[in-house]
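Let's walk through this structure together, one piece at a time. Have the sequence and the model open as you read.

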Amino acid sequence: MAQTMSVDFAEATINQYVCARCWSRLHVTYHDHQYWVECTNLNCNGEGYVTKGYAEKSRAQSYYDLMDARQNLRDIIQGANPVSKLSEAQIMKELGF
Ligand SMILES: [Zn+2]
């Protein structure tokens, strides 16, 4: 959702912030005799802004989380995890059933 503001504040906003929902760049448009700051992603109707630094830090953290998840899944699928080498009966026994 777009917000209206002065042109100076709008330009400062697009230089320092990105969309809070999709982290896409923002842009300034002028219509209805007002300046609007909007997300450049046409498929986004997000509200609010986050700093570019926050978005970059969050993207980096998400990337490392993805790498961890991939490694964990790879270990499980390839049988590197000792639990996955157990039969169903053995796992149930280990769980106390
Ligand atoms: Zn957006």
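Two strands count as paired here if DSSP finds at least two bridges between them. Keep in mind as we go that this is a predicted model.

With that definition in hand, start at strand β3, residues 26–31, which pairs with β4 in the antiparallel sense over six bridges. Two of the matched positions are easy to pick out: His27 has Glu38 in β4 as its bridge partner, and Tyr30 has Tyr35. Follow the chain from β3 into β4 and you pass through a hairpin with two residues between the strands. Look at Asp32 in that turn, where phi is positive, at about 55 degrees.

Now turn to another partner of β4. Strand β1, residues 3–5, runs antiparallel to β4 and is joined to it by three bridges. Here Thr4 stands opposite Trp36 in β4. So that the side chains make sense as you rotate the view, recall that in a regular strand they alternate between the two faces of the sheet.

Next, the core. In soluble globular proteins, nonpolar side chains tend to be buried together. The largest nonpolar core in this model has eight residues: Ala10, Val18, Cys19, Leu26, Tyr35, Val37, Cys39 and Tyr49. Strands β2 (17–19) and β4 (34–39) each supply at least two residues of this core, and the largest share, three residues, comes from β4. Tyr49, one of the core members, is worth a closer look. Leaving aside neighbours within four places in sequence, Tyr49 is in contact with Thr13, Tyr17, Val18, Cys19, Ala20 and Leu26.

From the core, move to Gln16, which is found in helix α1, residues 7–16. Is Gln16 buried, exposed or partly exposed? Gln16 counts as partly exposed because it has 13 C-beta neighbours inside 10 Å, while a residue needs 20 or more to be buried and 12 or fewer to be exposed. Not counting residues up to four places away in sequence, Gln16 touches Thr51 and Lys52. Gln16 and Gly53 are 37 residues apart in sequence, yet their C-alpha atoms are 8.5 Å apart in space.

Lys52 and Gly53 bring us to helix α2, which covers residues 52–77. At 1.5 Å a residue, its 26 residues should span 38 Å, and its end C-alpha atoms are 37 Å apart, so the two values agree. How many of the residues in α2 are buried? The count is zero, and the helix is hardly covered.

Terms used:
Residues numbered from 1 in each chain as written. Predicted model: local features only at pLDDT ≥ 70, side-chain atom pairs only at ≥ 80, totals over all residues. Core = buried A, V, L, I, M, F, W, Y, C linked by C-beta atoms within 7 Å. Helix = DSSP H or I, 4+ residues; strand = E, 2+ residues; numbered from the N terminus. Contact = placed C-beta atoms within 7 Å. Expected span 1.5 Å × (residues − 1).
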